Amino acid sequence: MIQHIFLLGFMGSGKSHWGRVVAEETGRPFADLDVLIEEREGKTIPEIFAESGEVGFRELERKYLHTLADFPPSIVATGGGAPCFFDNMDWMKKNGLTVYLKTPPEILLERLKKGRDRRPLLKNLNESERHDFVQNLLHEREPFYLRADCTLEHTGDDAAFLERLLAIIK
Ligand code: S3P
């Protein structure tokens, strides 16, 4: 049975950043589900949203999640919505260890000021709309994230966070 490590959490929770760091530390391959979709489809995530809507994107997200069954045991950064659609969470739990990177909304909001072009869900929102959107969506998604096998909260100390993450994975 292939055992991936799936990093889950809201947009801006550092899944790709910590995924790369942990892959380096453990010598495991790193896979980023959004990058996999973009590479295989030959389109960016914003292009997919523009052409096929969120519904089309979610179908592709599920499809490429399942292709990970053929990957060697990897550290996988998932998109923020991946655990909340279809049976994706069950699939990930069956195929590896799921780790929720829990991040306070104020830190997410600060980080999400940047990179809005890359994130179609936040694209046309002003600061106050973004604030409400993130609070509401986080509230809606947290029950899915909390089904993860482990929850790790970032308290501001990167070294301590990495140590705890590696302890879970190794
Ligand atoms: C999404 C998060 C994005 C990407 C897409 C949708 C979401 O990934 O999959 O824009 O629904 O939260 P990140 O969490 O890496 O930003």
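1. In this predicted model, a backbone N or O atom of Gly81 lies 3.3 Å from an oxygen atom of the ligand. The contact at Gly81 is made by the backbone, whereas the two contacts taken up in the next point are made by side chains, those of Arg58 and Arg119.

2. For Arg58, a polar side-chain atom is placed 2.6 Å from an oxygen atom of the ligand. For Arg119, the distance between an N or O atom in the side chain and an oxygen atom of the ligand is 2.8 Å. Of the 380 Å² of accessible area that the ligand has on its own, the protein covers 94%.

3. The surroundings of the ligand are made up of 13 residues, and the closest of these are Lys15, Asp34, Arg58, Arg119 and Arg141. By residue type, the shell divides into five charged, five nonpolar and three polar residues. Helix α3, which spans residues 45–67, supplies the largest share of this shell, namely three residues. As for the space that the ligand takes up, it is the largest pocket of the model.

4. Moving on to the loop between β3 (75–77) and α4, one residue found there is Phe86. Its phi is positive, at about 50 degrees, although Phe86 is not a glycine, and a colleague inspecting the backbone may wish to look at this residue in the structure above. Phe86 has a relative accessible area of 41% and is therefore classed as partly exposed, since that class lies between the 20% and 50% cut-offs.

5. Helix α4 covers residues 88–95, and Asn88 has its place there. Is Asn88 buried or exposed? Asn88 is buried, because its relative accessible area is 0% and the class takes in values under 20%. The side chain of Asn88 also reaches the backbone oxygen of Ala82, at a distance of 2.9 Å.

6. Met89 also lies in helix α4, and with a relative accessible area of 2% it counts as buried. Along the chain, Met89 and Tyr145 are 56 residues apart, while their C-alpha atoms are separated by 8.5 Å.

7. Asp90 is likewise found in helix α4, but here the relative accessibility is 35%, so Asp90 counts as partly exposed. Asp90 can be set beside Arg147, which is 57 residues away in sequence and 9.2 Å away in space, taken from C-alpha to C-alpha.

8. A further pair involves Ala167, whose place is in helix α7, residues 158–169. Ala167 has a relative accessibility of 57% and therefore counts as exposed, the cut-off for that class being over 50%. How far apart in space are Ala167 and Glu110, C-alpha to C-alpha? The distance is 28 Å, for a separation of 57 residues in sequence. The pair Asp90 and Arg147 has that sequence separation of 57 residues too, with 9.2 Å between the C-alpha atoms.

Methods. Residues numbered from 1 in each chain as written. Predicted model: local features only at pLDDT ≥ 70, side-chain atom pairs only at ≥ 80, totals over all residues. Heavy atoms only, no water. Near = heavy atom within 4 Å. Polar contact = N/O pair within 3.5 Å; in protein donor to acceptor, adjacent residues only side chain to side chain. Areas by Shrake-Rupley, 256 points an atom, 1.4 Å probe, with all protein chains shown as cover. 1 Å grid on protein atoms, 1.4 Å probe; cavity = no way out; pocket = protein on both sides within 12 Å on 5 of 7 lines; lining within 4 Å. Sits in = over half its atoms within 2 Å of the grid points. Helix = DSSP H or I, 4+ residues; strand = E, 2+ residues; numbered from the N terminus. Nonpolar A, V, L, I, M, F, W, Y, C, P; charged D, E, K, R; others polar. Buried < 20%, exposed > 50% of the residue type's maximum accessible area, 1.4 Å probe, protein only.
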